[in-house]
Amino acid sequence: MQFPHEERIVNRDTMLVLNDICWGVPDKPVLRHVSLTVPDRKCVVVTGPNGGGKTSLAKLIAGIEQPDSGKILLDGRLINKLSVTERARSGIAYAFQQPVRFKGLTVRDLMELAAGQQMDEDALCETLSKVGLCAREYIDREVSAGLSGGESKRIEIATVLARRARLSVFDEPEAGIDLWSFQKLIDVFRDLLQETDGSLLIISHQRRILEIADEIVVIANGQVSAQGSRDEILPLLAAGVEKSCGCPLEGAHPYE
Ligand SMILES: Nc1ncnc2c1ncn2[C@@H]1O[C@H](COP(=O)(O)OP(=O)(O)OP(=O)(O)O)[C@@H](O)[C@H]1O
Ligand SMILES: [Mg+2]
């Protein structure tokens, strides 16, 4: 597909650009003039109080929702009008905050769909073990049948790992994951960044995930309230500068 020259912003250091994004539901503006960038091969963590607009932002990036105004560019290409499938093909992989369960689909089916190819037992085992699951126990199980919340969340994360996408988006990967697996998950994110030609956008309230960020974006009340390097933003969060809008680092999470 050809794109007009004016729709391209060529900057080799920037992978994703959100420019002046507004989005809302009837009678409620949810995101207001949000602009942010995800640098190439970096980890950006988006944090902020509940209801601030983080998941909405992820849905706009994945194409599940369309912005009312503003531009979204991936590798300089305007992707506003691309469908979810087209965005996935362009290299965006998204792990939902609440995993989707498809009836009749097995874990193996789901993993192979995500990877875009058949996976042998070793490959399945390797990816599932990254999220603390033993492949042999799970590959033939139906995604919709009887998986615990934590199990289905881990499988969802594993599908994104299997994609090895240009941009991997994880919405609260810590939710429902036990402490032991959580530490492993952080290592997995670090490895993913090093092994793939891509970037990570992780939505999280967890200090240990914020600590692996190259950049942190704070979204509160539908707006970017702070954005900068980890070293700039973490001390601000820790000092409670964001307290007035519900600092995410105030020990609300059981693992803190
Ligand atoms: N489809 C929708 N219909 C109505 N309200 C919505 C819709 N989608 C989002 N909202 C509202 O927009 C606000 C932002 O929601 P969003 O899920 O993006 O927040 P969040 O930052 O991800 O919160 P959390 O940390 O709790 O996951 C919330 O008040 C939510 O109720
Ligand atoms: Mg959310």
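Two residues are counted as in contact if their C-beta atoms, placed from the backbone, lie within 7 Å. In this predicted model, that rule gives Leu 167 a good list of partners: Met 15, Leu 16, Val 38, Leu 74, Gly 91, Ile 92, Gly 198, Ser 199 and Leu 201, leaving aside residues up to four places away in sequence. Leu 167 also belongs to the largest nonpolar core, a set of 67 residues in which Leu 167, Val 45, Val 169 and Ile 202 touch the most other members. Helix H6, spanning residues 149–163, gives the most to this core, with 6 residues.

The next feature to look for is a sheet. Its 4 strands form an open arrangement in the order S2-S1-S4-S5, and the pairing is antiparallel. S2 and S5 (77–78) stand at the edges with a single partner strand each, so one side of each has no neighbour in the sheet. Strand S1, residues 14–25, is joined to S2 by 8 bridges, and Ile 21 can be found opposite Val 34 in S2. Helix H1 packs on the sheet, where it touches S1, S2 and S4 (69–74), and its direction makes about 65 degrees with that of S2.

Both H1 (54–62) and S2 (28–39) reappear around ligand 1, each supplying at least two residues of the shell. H1 gives the most, with 3 residues. The surrounding residues are Val 25, Lys 28, Val 30, Asn 50, Gly 51, Gly 52, Gly 53, Lys 54, Thr 55, Ser 56 and Gln 97. By character, this shell divides into 7 polar, 2 nonpolar and 2 charged residues.

Terms used. Residues are numbered from 1 along each chain as its sequence is written. Chains are lettered from A and ligands numbered from 1 in the order in which they are written. This is a predicted model: local features need pLDDT of at least 70, side-chain atom pairs count only at pLDDT 80 or more; totals for chains, interfaces and linings use all residues. A residue is near a molecule or strand if its C-beta atom, placed from the backbone, lies within 6 Å of it. Ala, Val, Leu, Ile, Met, Phe, Trp, Tyr, Cys and Pro count as nonpolar, Asp, Glu, Lys and Arg as charged, and the others, Gly among them, as polar. Two strands pair if DSSP finds at least two bridges between them. Axes are lines fitted to C-alpha atoms, for helices over the stretch in contact, and angles run from 0 to 180 degrees between N-to-C directions. A nonpolar core is a set of buried Ala, Val, Leu, Ile, Met, Phe, Trp, Tyr and Cys residues joined through C-beta atoms within 7 Å. A residue is buried if 20 or more other C-beta atoms lie within 10 Å of its own, exposed if 12 or fewer, and partly exposed in between; C-beta atoms are placed from the backbone.
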